[in-house]
Each structure stands twice: as structure tokens, then as C-alpha cells.
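The following questions concern the cavities, pockets, helix contacts and backbone geometry of one protein model. Each answer reasons briefly and closes on the value or name requested.

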Amino acid sequence: MTDWRSSLRADPTPWLLEVGCEPLRYRVYTELLDGAVDPSELVKLRADVHSYGPAMQIQKRQAKDGSWSGRMFMGESDKPLPSLEAALTRLFEYGWSRDTKAIRDAAKGLRAFLTAKKDLNLFEFSRASKGDPRRERFHRWQLRNFALGLLIRAGYVDDKSRANVLDLLDQTAGFVDNPVSRSPVEEIGASQPMIRLEAWRNDYIFVPDLHITKVFAWSPWLLEGELAKMRLKKVYDYLVSPTYQSIAPDLGLVRTLKGHFVKGGGLRLRSLDQYLKDGHLDEMLGHLELFARLGLINRYPLLMAHLEWLQAQQGKDGHWNFPAKLYPDNDRWASVLRIERDWRTPVRREADLTFRVLLIFKLQWDAQMSMLDRRDDTYPI
């Protein structure tokens, strides 16, 4: 019987276990090999993960309120500011979860966003939301979706969080079903088009974006339900459509009492030539991983072209390496996706990239069987 490794030129997992740093080896065991290791060895490696130098440096900078520098979001720039989102994402990449103090401290604040508390701290949005009820309700929803994705990835999954995920999927599918989704913005003579009033629902605009996608991607149990799978396919058929891609990643202006601001957070899916020309390999790998967790890469020719290109880049030894121009340090994805301490040593860069590509192949193989109801994959992965 074939599996996700059957079409590889060579299996690089033994090499990764030999040369990789502690978090990378831990993730190879737990995510690529499904824990196929002596339990005592895994316990020891887990302890090494918790003492990993770069992760410890991030933990030391955590504030008493569980945030980093009093900010939640990374923002839309190529150089993400220190924030809870950037810090937690890097810790997750290093293999940390809810069994560490830093994650638990951050979770205390994140849980508040899932409630209807009147005195909710909106962090960087507090001043802008003061005296503007519409903007406050918008940011409450935005922070709720943001917190839900991080909490689920940290391992806080229970009946309540599942209900929240299903509600978010229902709201997002409702936006896609609404005729306004075919023309969600209008030109007003500004630098960005404005989101139409008809697109609002329950004080928010449930257009699928990066944070909503992370909620779904980190909820693999959604693929167990036929209705959920149908809605996910509909949502991401819309996301890859020309209508959505023409306004991503800004997604339009939001009008409130205190003026306008850009919603942001949209997923711009570029062609392979654009990624290679502009050097956004980290972004491409980040997006592919999200779609792989949903089992949807094979549904879209654009993403399948990216995957086939990645497969063609594998060396005879099973490793992946790419020219330095394809992964510049100013890519915002680079600050959260890299596991090794640095890439000055070529073998560290090669190990990091090899693991990232293998993870995409493994996730897509596992998830597509559920999402696309396939037993045999016609694509060579």
C-alpha cells in the first residue's frame, strides 16, 4: 500500500533526525512518523524542546498579562512587530503547547476574547475603539477569531471551542452564500475600495481571511462531517476566485464613526512565477501548509502546480534546498516558520526546508482522503 512517502526520490527523515535541532527532531517524530519512537526518548526530547534557546528567549520577553509588548497582531508589514501572535506562532513551531507556562499565561488573556465581558482589553485597538461602538464590536469579533485559532493550536479543544468553530464556519459560509460576496466592495475614490454595508452580518464581515483559515486548518475534526466539508469547499472555492483575489490581501476599507481603516488579513495566492520572481517562498509554504491541513490542495490547479514544483525540486538524496533569493529575511512568514536557530549553516537551512516540504506532503496526503473522499490519489504525491 502506498503512502505519502511512496513517490519521494529518497526518504530524508533519518537524516533529519541526525542533523536537526531538538524541536525539528521532535516534530519529525510526532508529526511525520506519528510518534514511532521509544516513549522515554520522546520524553527526553520534549524536555530539550522546552529548553531550546530561541524559545527561551521568546518566553523571557513575555509580559505579565501574557502578551508580548502589549500587542496582539503581527500586522500586515514585511517586518512583524513583536506581538503575541508572532511569539506564540514561533513557540508552536518549536513544539511548545499548553503544557508550558508561556502558553498557559497567554491563554488566560486569549480566553477573555471568547466571552462577552464589557471591560474587555482590546490592546492596540482600545484607543481607536473608544467612543466608536461599531469599531469596538468589529474588533471584538476580530480578536475572537484570532484567539480561537491560537487556543485550538495550543491544544485547548473542548465542546465549547468546537461549537465556536462551527459557528464561525456557519457565519463564513453564510457570507459566501450571500449574493453580496460576488461584489463585496465599492469604489469611493479612495486608495482602497470600501466594504459594502450589505456584507456586514452580526457586526462583522465574515469574509474568509488568514485568521479564519487558521481556525479551520487547525480543526481537523471538521473533515469528519459532510456538512462541514461541503461548507469548507464552498468557502475556499470563493477564496481562490478572481473576485476575492482581486481585493486580497487588503479586503477593503471598513467605515466607522472615527473614519475608515483597512480590514486586511486576506490571503493573496500568487502564481508560481510570482513567488519565484519576488522571493516569497516562505509565504508560499505557509499558505500550502494551511490548505494541506484542509486537504484542499488537489482541488485547485494553482496550488497543485506549487506542490508539483516542490516535488520536482527534491534532490537525489531526498533533501530540499533553494537559492537564497527565494527566501529573503524580510518576508513576514520567515519570522514564524523557521525552526532552526539560524540559516548561516547550510545544513540547518536545508533541514528546515526539507521538514517544511515533507510536512505539507504528509498533511495533504492524510487530509485529502477525508476532504475529497478519495482512496487512491491520482497525483504523484
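Q: How many cavities of 30 Å³ or more are there, and what is the volume of the largest?
A: The model is predicted. The count of cavities of 30 Å³ or more comes to 4. For the largest cavity, the volume is about 250 Å³.

Q: Which helix gives the most residues to the lining of the largest cavity?
A: The largest cavity is lined by 19 residues, and those closest to its centre are Thr89, Arg153, Lys214, Trp218 and Leu290. At least two lining residues come from each of H5 (84–93), H8 (133–154), H10 (210–217), H14 (281–293) and H16 (334–337). The greatest contribution, 4 residues, is made by helix H8.

Q: How many residues in the lining of the largest cavity are charged?
A: The lining of the largest cavity includes 9 nonpolar and 4 polar residues. The charged residues in this lining number 6.

Q: What is the volume of the second largest pocket, and which residues lie nearest its centre?
A: The space in the second largest pocket is about 610 Å³. Its lining consists of 27 residues. Nearest the centre of this pocket lie Thr30, Glu31, Trp218, Arg293 and Leu363.

Q: Which element gives the most to the lining of the second largest pocket?
A: Two or more residues of this lining are supplied by each of H2, H8 and helix H17 (346–371). By class, the lining of the second largest pocket comprises 13 nonpolar, 6 polar and 8 charged residues. With 5 residues, the element that gives the most is H17.

Q: Is helix H2 roughly parallel or oblique to helix H3?
A: The axes of H2 (residues 22–32) and H3 (residues 39–50) come within 9 Å and cross at roughly 140 degrees. The crossing of H2 past H3 is left-handed. Angles over 145 degrees would count as roughly antiparallel. The crossing angle therefore makes the relation of H2 to H3 oblique.

Q: How many charged residues take part in the contact of H2 with H3?
A: On the H2 side, the contact is made by Glu22, Pro23, Arg25, Tyr26, Tyr29 and Thr30. These residues meet Leu42, Leu45, Arg46, Asp48 and Val49 in H3. By class, the contact of H2 with H3 holds 6 nonpolar residues and 1 polar residue, and its charged residues number 4.

Q: How is H5 oriented with respect to H6?
A: The axes of H5 and H6 (residues 101–112) come within 11 Å and cross at roughly 140 degrees. H5 passes H6 in a left-handed crossing. The angle between the two axes is the reason why H5 is described, with respect to H6, as oblique.

Q: How many nonpolar residues does the contact of H5 with H6 have?
A: In H5, Leu84, Leu88, Leu91 and Phe92 meet Ala102, Ile103, Ala106 and Leu110 of H6. The contact of H5 with H6 has no polar and no charged residues. Its nonpolar residues number 8.

Q: Is H5 roughly parallel or oblique to H8?
A: The axes of H5 and H8 come within 11 Å and cross at roughly 20 degrees. Angles under 35 degrees count as roughly parallel. The relation of H5 to H8 is therefore roughly parallel.

Q: Which residues of H8 meet H5, and how many residues of this contact are charged?
A: From H5, the contact involves Leu84, Glu85, Leu88, Thr89, Phe92 and Glu93. Their partners in H8 are Phe146, Leu150, Arg153 and Ala154. By class, the contact of H5 with H8 has 6 nonpolar residues and 1 polar residue, while the number of charged residues is 3.

Q: Which residues does the cis peptide bond with omega of about 5 degrees join?
A: Most peptide bonds are trans. Here, the second residue of the cis bond, Pro249, is found in the loop between H12 (242–245) and E3 (253–256). With omega of about 5 degrees, the cis bond joins Ala248 and Pro249.

Q: What is the phi of Asn202?
A: Most residues other than glycine have a negative phi. Asn202 lies in the loop between strand E2 (194–195) and H10. Although Asn202 is not a glycine, its phi is positive, at about 55 degrees.

Methods:
Residues numbered from 1 in each chain as written. Predicted model: local features only at pLDDT ≥ 70, side-chain atom pairs only at ≥ 80, totals over all residues. Heavy atoms only, no water. 1 Å grid on protein atoms, 1.4 Å probe; cavity = no way out; pocket = protein on both sides within 12 Å on 5 of 7 lines; lining within 4 Å. Points joined across faces, edges and corners; volume = space filled by probe spheres on them. Nonpolar A, V, L, I, M, F, W, Y, C, P; charged D, E, K, R; others polar. Axes fitted to C-alpha atoms, helices over the stretch in contact; angles between N-to-C directions. Parallel < 35°, antiparallel > 145°, perpendicular 65-115°, else oblique. Left-handed = near helix turned anticlockwise from the far one by under 90°. Contact = heavy atoms within 4.5 Å.
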